[in-house]
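Trainee: I should like to study this structure with you. May we begin once it is shown?

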Amino acid sequence: MSDSEDMTEFASIVERIERGEVPIKNIERELICPICKELFTHPLILPCQHSICHKCVRELLMLNPDDSFDAGSECSLPGSPRSRVPSPSMERLDRLVRSGSISSPGWRRGSVTPRITTIHCPGCQHDIDLGERGISMLFRNFTLESIVERYRQAARAAVAIMCNICKPPQVQEATKSCMDCKASYCNECFKLHHPWGTPKAQHEYVGPTTNFRPKVLMCPEHEMEKVNMYCEVCRRPVCHLCKLGGSHANHKVTSMSSAYKILKEKLAKSIHFLISKEDQVRTQITDLEHLINQTEENGQLAEREANEHFERLFETLQERKSEMLRSIEQSRNRRLNHLKGQVEEYQGMLENSGLVGYAQEVLKETDQSCFVQTAKQLHVRIQKATESLRTFHPAADPCFDEFVLDTSKEETLLKEMCFGGVPDPPLIDLSHSRVYNEASISWRLSDDHLPTDHHVVEYRRLGAPSPSPSQEDVDDSSVWRATDRVYGPSAVVCDLEPNTLYAFRVRSCRNSMFSPYSPEVTLHTPPAPAFGFLFSDKCGFSAERLALNKRRDTVESVAGMAFLLAAERVQTGSYIGLDYIIGDTGISQGRHYWSFKVEPYSYLVKVGVASDSKLLEWFHNPRDTSSPRYDHDSGHDSGSEDTCYELSQPFTLLTLGMGKLFIPKSSSLSSVSSANASSAADPGNRVLPMPQRLGICLDYEACRVYFFDADTMRCLYERQVDCSGTMYPAFGLMGSGKVQLEEFIAAKKLTF
């Protein structure tokens, strides 16, 4: 279809709509205000292009409910007759404001608009700031009003519009409505009030209607100026003064006729598309209804199957319960019978106590043959009674330990019982998880996992590793705290205590079904809040030998022209100096912690802190580099470094290189952590493996610096430092090497 044919079809659609040939039906939900849920009454267009009733906007702004239909409706339309006459309620409210009766901070004298007029649009869920002019900056949506009125007329087609002039009981049906007088007239009343030869005879009249709107849309910012342009940036009509020197001076505007034509063509094209897709929409509605029925049936089927499974479980449990209780009852009856029989036996022994007297009488027998004849049987009876008394054993064991039932495994299985669609438990990724005063926890799912709805991170405090005796350590290790729903593969947990162990776990949720928890991971928070900084490329930075990335969180020592020119001196054993770089933020108070990574291939790297006074010496004073003993922190094991450590210096640097960390020698074991005291004293144990991540903590008030293995938070080395000035994180590199700041440290700085 050609463009001319498209335009002809669009024009025909527009004409049909204008002539009313397209019936108004099933559009009621488009004509209902999202606030009051009723048909629009004097709707206003918000800057977001959504419409709300005037009274609803006024209620959202918490204006006086007695306020009349004012600024947003017809006050912005000075061309309309009603706008020239203020309503009584407006006059009364204005008198109250002038008299000081209304003194709320949200009001100002001579205005009914609050100072801050922000409302929440229910259509786009955004906060809309109307500015100081408030409702007066909004246009009335006259097109929507006309559609609502036509809808109402269609709904009450049988109800006629009556004349507003006729007196009852002889009120006639209206035949005309005057747009200037805003009233409806029958033929006789119209002739009476609009006689020929008078100005009223020139009024515009239409068919009977209750929807009166002004002839021309006026600019709300410039009185008596007609709207004749359209701002494409703000998407609203403006006048020529708005374009010349108003708020739309630098905006792209077009003529109203051009905007009318373009928007009408777009709307007609959209309507044409919707009409052409009507069969497709009906088919999709049928499919959706089928899916609804299928969902209902499948849900009921799944519910019945689940009930059947649980019924079978209940029956199995009931059978096992009956069998096990029957076993206990049989064993109990058997034992009771044995014990009762033993009681009867011993009861018989008590009843046969006359046996002793009978035996005594037998002993009195003097005839030997008669005695032997009687005593033989009597002796057997007495011997049995004696043996039973000497070897007493209960006939049954009263303990039922063999019938103790352990159901912990079964309970765990029942608790973990779930549908086949339950998500797999996630696994916390320690390589991407970091903990400071805030913890960044990352996790990963199985390769064949299904999409999940959200995740929940839980954590609990396990306590400080070595709390001081004076501090009360509240045991809350059993209390798990949960974060809000997380929709990505990581979450941030805030407000963690310093120098404390925390346990973390994660579980996933899909279709309201939670996965089992991930294995718990224990992380140790640093002893101080995180200190954010980036590498400084201003103070003493050597661009020839050091390279910074764009984010300034990674510095690398590169072999440049300076090394080539010094090649002869290197062959003769001459010393090449360190290239220093510092952080762009200094420390003048408090405790601070930062961490970083030194690449294992680095030849020699110095890390630590230095004051501003020492930095001036490093960056500006010339040095004699002919001797490796000049620099106290050269890494050369000459002894001069250790001599320097006897005094409090305005810097402290620790040496790393070639995958090793070197603990400086010191005569005072207080400079080394207690765990590494023996290592520092023994020269053979001064070399430690380089940690994957190194952490530094500076206590400015205590004038002390600590070096940590950032993964285990084990203190490797500590010593006194002179904090007389501003202290900066300091790094020195020689040869090939690379230092990368922790992402959280750099991100904290970049955020601000």
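Mentor: Let us begin with a strand pairing. E24 (residues 591-598) pairs with E33 in the antiparallel sense over 3 bridges; strands are DSSP runs of at least two residues, numbered from the N terminus, and two strands pair if DSSP finds at least two bridges between them. This is a predicted model, in which local features need pLDDT of at least 70, side-chain atom pairs count only at pLDDT 80 or more, and totals for chains, interfaces and linings use all residues. Residues are numbered from 1 along each chain as its sequence is written, and side-chain values use heavy atoms, with hydrogens and water left out.

Trainee: Which residue stands opposite Gln-740 in E33?

Mentor: Gln-740 belongs to E33 (residues 737-741), where it points to one face together with Lys-738 and is not buried; buried means under 20% relative accessible area, exposed over 50%, partly exposed in between (1.4 Å probe, protein chains only). The residue opposite Gln-740 is Lys-597.

Trainee: Which residue in E33 is the bridge partner of Val-555?

Mentor: Strand E22 (residues 554-557) pairs with E33 in the antiparallel sense over 4 bridges. On the buried face of E33 lie Gly-737, Val-739 and Leu-741. The bridge partner of Val-555 is Val-739.

Trainee: With which side chain does the side chain of Arg-719 make a polar contact?

Mentor: Arg-719 lies in strand E31 (residues 714-720). Because its relative accessibility is 2%, Arg-719 counts as buried. At 3.4 Å, its side chain makes a polar contact (a pair of N or O atoms within 3.5 Å, one able to donate a hydrogen and the other to accept it; residues adjacent in sequence count only if both atoms are side-chain atoms) with the side chain of Thr-652.
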